[in-house]
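Me: I've got a fold open in my viewer and I'd like to learn how to read it. Can you walk me through the sheet and then the helices?

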Amino acid sequence: MDRDTDLFVQAFWAKCREVIRPEIDDAIGELHKAGHDAGVSTREYSATPDQLPAAMGPSVTVSLRPKGAADKSHPTLQFRGDVADCTVEVRSSTGILKKYELNTVNAAEVRNEIDEWLAKLIA
């Protein structure tokens, strides 16, 4: 990993620790209280595609199974560090994609992304 990539990945994880993950954890707590099943997973940066179409950036992914959902699908919301662009991509399993400069991501934006995603999934 080159120096710029290493610095970006470190900055991404710092942003996750300080801003993104606390908002995700709060949302998961609220979802559990409402009887939904939700979880979070992380993925480290890999410069090797590992049978994927492109190198994977570091990411934090929230998955949800709404209370009473019969199917096995688990909608997701992912915050991924795009190493090539030095941005944070927010992707939902419903097809929404937004990009933010890493230094502009704040708690209010993260919470808004989570709330918008959940509004489409939970009535």
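Reply: Sure, and keep in mind that this is a predicted model. Start with the strand order: five strands make an open sheet, running S1-S2-S3-S4-S5, with antiparallel pairing.

Me: Which strands stand at the edges?

Reply: Those are S1 (37–43) and S5 (97–101); each has a single partner strand, so one side of each has no neighbour in the sheet. From one strand to the next, the twist averages 15°.

Me: How many bridges join S1 to S2?

Reply: Seven, with S2 covering residues 59–65 and running antiparallel to S1. To find your place in that pair, look for Thr 42, which sits opposite Val 60 in S2.

Me: Where does H1 pack?

Reply: Helix H1 (residues 3–33) packs on the sheet and touches S1, S2, S3 (76–82) and S4 (87–92), with its direction at about 170° to that of S1. Helix H2 (residues 107–121) lies across S2, S3, S4 and S5, at about 145° to S3.

Me: And how do I describe two helices against each other?

Reply: For a packed pair, you give the angle between the axes and the distance between them. Here the axes of H1 and H2 come within 9 Å and cross at roughly 35°, and the crossing is right-handed.

Me: Which residues of H1 and H2 make the contact?

Reply: On H1, they include Val 19, Ile 20, Ile 24 and Leu 31, and on H2, Val 110, Ile 114 and Leu 118 are among them. By class, the H1–H2 contact has nine nonpolar residues, four charged and no polar ones.

Key: Residues numbered from 1 in each chain as written. Predicted model: local features only at pLDDT ≥ 70, side-chain atom pairs only at ≥ 80, totals over all residues. Heavy atoms only, no water. Pairing = 2+ DSSP bridges. Helix = DSSP H or I, 4+ residues; strand = E, 2+ residues; numbered from the N terminus. Axes fitted to C-alpha atoms, helices over the stretch in contact; angles between N-to-C directions. Contact = heavy atoms within 4.5 Å. Left-handed = near helix turned anticlockwise from the far one by under 90°. Nonpolar A, V, L, I, M, F, W, Y, C, P; charged D, E, K, R; others polar.
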